[in-house]
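Got the viewer open? Here is a short tour, one selection at a time.

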Amino acid sequence: MRHFRCPRQLTSPQWHHHQTWRLPAPLCIRAINTAARNDDATATSLVESVQIPYQGVTHARTVPATPSYFSREPQFNDLYIRISNLLTRYHHLPTVSPGEAPQVPWTKLEEMRAQMGEPIKAMHYQKVIRVAKRLNLIEPSLRPAEVKIALQEFARDINPFLNMPNPITIDRFGRAVGVGKRKASTARAFVVEGTGEVLVNGKPLSEAFGRVHDRESAVWALTATERLDKYNVWVLVEGGGTTGQAEAITLAVAKALVAHEPALKTALRKAGCITRDPRTVERKKHGHVKARKMPAWVKR
């Protein structure tokens with residue numbers, strides 16, 4: 001027990017507990033009149049006076065026929081949902097290799113935009129074509145009828161075996177025009193029989209390209225076939241850098257040279273002048289410094 005040093009501590013206010021007692025508030029009881037009023041006639045007259053519109057109609061406003069109606073590409077979205085459901089339903093069927101699958105001329109992006117009248121994005125178009133190509137790999141003898149009908153929507157009305165490029169001809173001036181591309185460069189070469197003069201955008205070859213390697217690449221088709229002093233070449237090239245322009249000229253000159261002498265095609269193919277080089281600069285990735293370079297890792 002606590003010991004008090006002074007008797008005055010017992011008389012301090014902190015030892016006196018004052019409690020205030022309050023009486024509860026009186027209950028307020030309100031008298032409720034339970035007498036029923038005769039309002040049946042008034043209610044009946046009000047109901048008869050109210051006219052309810054659209055009686056017998058389930059929805060007051062027009063309901064869209066498809067959930068994609070309010071989207072940016074309603075018809076395209078319905079098409080994608082439909083073929084995705086088909087792939088989910090028939091993905092277990094046996095497939096064939098891409099080389100054995102039926103050849104289908106797929107609809108181009110511009111044609112699909114024109115048919116549907118919608119601004120279809122290229123990324124969405126690629127997704128739909130990827131699903132359609134997967135459905136095309138199903139064994140033809142086991143392919144359901146609804147899959148065949150769905151694939152017909154993606155096929156163009158052409159014969160893919162007759163879709164051949166137009167041959168390069170020689171015009172009335174004795175010129176053969178060849179077009180070549182490399183990276184971001186595009187070149188048009190006019191080749192005619194002559195003494196070996198080469199002009200690139202109206203400039204001699206030595207002025208158009210400062211590097212010796214680019215000069216040799218531009219006329220490599222003529223050098224490989226020993227026709228450097230038998231043809232004159234005028235080239236219009238644009239886009240890209242010097243390396244891309246020089247290699248684009250190589251392909252353009254080779255195509256035009258084949259129009260003059262078709263027997264040189266084998267030699268040009270062995271020299272690597274006929275095949276289009278599809279390599280381009282790899283795109284930069286998110287979080288990377290360049291295409292593959294990562295930022296320097298710092299521990300602290």
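A word you'll need straight away: a residue is buried when its relative accessible area is under 20%, exposed when that area is over 50%, and partly exposed in between (1.4 Å probe, protein chains only). You're looking at a predicted model, where local features need pLDDT of at least 70 and side-chain atom pairs count only at pLDDT 80 or more, while totals for chains, interfaces and linings use all residues. Residues are numbered from 1 along each chain as its sequence is written, and side-chain values use heavy atoms, with hydrogens and water left out. Helices (H or I, at least four residues) and strands (E, at least two) are DSSP runs, numbered from the N terminus.

**Stop one: helix H5**

Select residues 145–152, which make up helix H5. Which residues of H5 are buried? They are Val147, Ala150 and Leu151. Look down the axis of H5: the buried residues fall within an arc of 95° (taken from the directions from the helix axis to the C-beta atoms), so they line one face of the helix. An α-helix has 3.6 residues a turn, so residues three or four places apart point the same way.

Now spin to the face of H5 turned away from its buried side, and you'll find the exposed residues Ala145, Ile149 and Gln152. Then show helix H2 (74–90) and helix H4 (122–136), which are among what covers the buried residues of H5; contact here means heavy atoms within 4.5 Å.

**Stop two: salt bridges**

Side chains of opposite charge can pair when their charged atoms come close. The rule for a salt bridge is a side-chain nitrogen of Lys or Arg within 4 Å of a carboxyl oxygen of Asp or Glu. That rule gives a count of twelve salt bridges.

Stay with H5 and select Glu146 together with Arg89: their side chains form a salt bridge at 3.0 Å, N to O. Arg89 sits in helix H2 and Glu146 in helix H5, so this pair ties together parts that are 57 residues apart in sequence. Arg89 is partly exposed at 43% relative accessibility, and Glu146 is partly exposed too, at 31%.

Next, pick Glu111 and Arg156, whose side chains meet in a salt bridge of 4.0 Å, N to O. Glu111 belongs to helix H3 (residues 109–116) and Arg156 to the loop between H5 and strand E1 (176–182), 45 residues apart. Glu111 is partly exposed at 32%, and Arg156 is partly exposed at 22%.

For another pair, try Arg227 and Glu261, bridged at 3.0 Å, N to O. Both lie in loops: Arg227 between helix H8 (220–224) and strand E5 (231–238), Glu261 between helix H9 (242–260) and helix H10 (265–270). Arg227 is buried, with a relative accessible area of 18%. Finish by selecting Arg182, Glu247, Asp277 and Arg279, which are linked in a network of salt bridges.

**Stop three: Leu251**

Move to helix H9 and select Leu251. Is Leu251 buried or exposed? At 5% relative accessibility, Leu251 is buried. Its contacts, leaving out residues up to four places away in sequence, are Gly180, Lys181, Cys273, Ile274, Thr275 and Arg276. From Leu251 to Thr275 is 24 residues in sequence and 7.6 Å in space, C-alpha to C-alpha.

**Stop four: Gly196**

Last selection: Gly196, in the loop between strand E2 (185–193) and strand E3 (198–200). Gly196 is partly exposed at 26%. With residues up to four places away in sequence left out, Gly196 touches Leu228, Asp229, Tyr231 and Asn232. The C-alpha atoms of Gly196 and Tyr231 are 5.0 Å apart, with their positions 35 residues apart along the chain.
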